[in-house]
Amino acid sequence: MLTATNARGHVVKRPSKPAIGTMLANLGRDNQHMIVERLDEECAGDWYIQVLLRDNNTYQLEYRDGAPAEHYQTQTVSQDKVLRALLGWAADKPDWREDFMWNNVSSLFEQSDPEGTDQPTT
């Protein structure tokens, strides 16, 4: 099951494409981030994609595929690319990462969280 949550704590269970698009479009000064999580008891670890609207109006996009070693980040100015990534990830499409150059940021979490139980960064 997917859930989407914004910085205000608004949670949408099983978010539709329009709901994800609206949450992204509503990012702003008092609502700077959102996360879409895949909750599946059969998959170990944390599975999510998240967006932070930075002060310079760029989007910081991150995803994690289960383990802390599989945590990646990129930045863009394109809300359209971010929306395509969010929707592609939510639909489990294999090519959703292709619009970006991703950086593995797992080392940021290994030092601060030796147990491997880090939570989404936003």
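## A walk through the sheet and its helices

Let's start in the middle of things: strands S4 and S5 run antiparallel and are joined by eight bridges. What you're looking at is a predicted model, so keep that in mind as we go. Within this pair, Trp47 stands opposite Asp65 in S5. To get from S4 to S5, the chain makes a hairpin with five residues between the strands, and there Asn57 takes a positive phi near 65°.

Now carry on along the chain. S5 leads into S6 (residues 71-76) by way of another hairpin, this one through four residues. S5 and S6 also run antiparallel, with six bridges between them, and Arg64 stands opposite His71 in S6. Is S5 enclosed or open? Seven of its eight residues are buried, so S5 is largely enclosed by the rest of the structure.

Time to zoom out. These strands belong to an open sheet of seven, in the order S2-S1-S3-S4-S5-S6-S7, with antiparallel pairing. At the edges you'll find S2 and S7 (103-104), and each has a single partner strand, so one side of each is left without a neighbour in the sheet. If you're wondering what holds neighbours together, strands of a sheet pair through backbone hydrogen bonds, either parallel or antiparallel. Over at the S2 edge, S1 and S2 pair in the antiparallel sense over three bridges, and Val12 in S2 is the bridge partner of Ala4.

Let's stop at one residue, Tyr48, which is found in strand S4. Is Tyr48 buried or exposed? Its relative accessible area is 0%, and since buried means under 20%, Tyr48 counts as buried. The side chain of Tyr48 makes a polar contact of 3.5 Å with that of His71, the residue we just met opposite Arg64. Tyr48 also shows how folding brings parts of the chain together: Glu37 is 11 residues away along the chain, yet the C-alpha atoms of the two are separated by 4.3 Å.

Next come the helices. H2 lies across S1, S3, S4, S5 and S6, and runs at about 165° to S4. What about H1? Its residues Ala19, Ile20, Gly21, Met23 and Leu24 are buried, and the buried residues of H1 pack against S1, S2 (11-13), S3, S4, S5 and H2.

The two helices meet as well. H1 and H2 pack at an angle of about 140°, their axes 10 Å apart, and H1 passes H2 in a right-handed crossing. On the H1 side the contact is made by Lys17, Ile20, Gly21, Leu24 and Ala25, while H2 brings Gln79, Val82, Leu83, Leu86, Leu87 and Ala90.

Finally, look inside. The largest nonpolar core has 23 residues, and the ones touching the most other members are Leu24, Met34, Val36, Ile49, Val51, Leu61 and Leu86. Which elements give two or more residues to this core? They are S1 (2-6), H1 (17-25), S3 (33-38), S4 (46-53), S5 (59-66) and H2 (79-90). H2 provides the largest share, five residues. For a feel of what sitting in this core looks like, try Ile49: leaving aside residues up to four places away in sequence, Ile49 touches Met34, Ile35, Val36, Leu61, Glu62, Tyr63, Ala85, Leu86, Trp89 and Trp96.

Note on methods
Residues numbered from 1 in each chain as written. Predicted model: local features only at pLDDT ≥ 70, side-chain atom pairs only at ≥ 80, totals over all residues. Heavy atoms only, no water. Core = buried A, V, L, I, M, F, W, Y, C linked by side-chain atoms within 4.5 Å. Buried < 20%, exposed > 50% of the residue type's maximum accessible area, 1.4 Å probe, protein only. Contact = heavy atoms within 4.5 Å. Polar contact = N/O pair within 3.5 Å; in protein donor to acceptor, adjacent residues only side chain to side chain. Pairing = 2+ DSSP bridges. Axes fitted to C-alpha atoms, helices over the stretch in contact; angles between N-to-C directions. Left-handed = near helix turned anticlockwise from the far one by under 90°.
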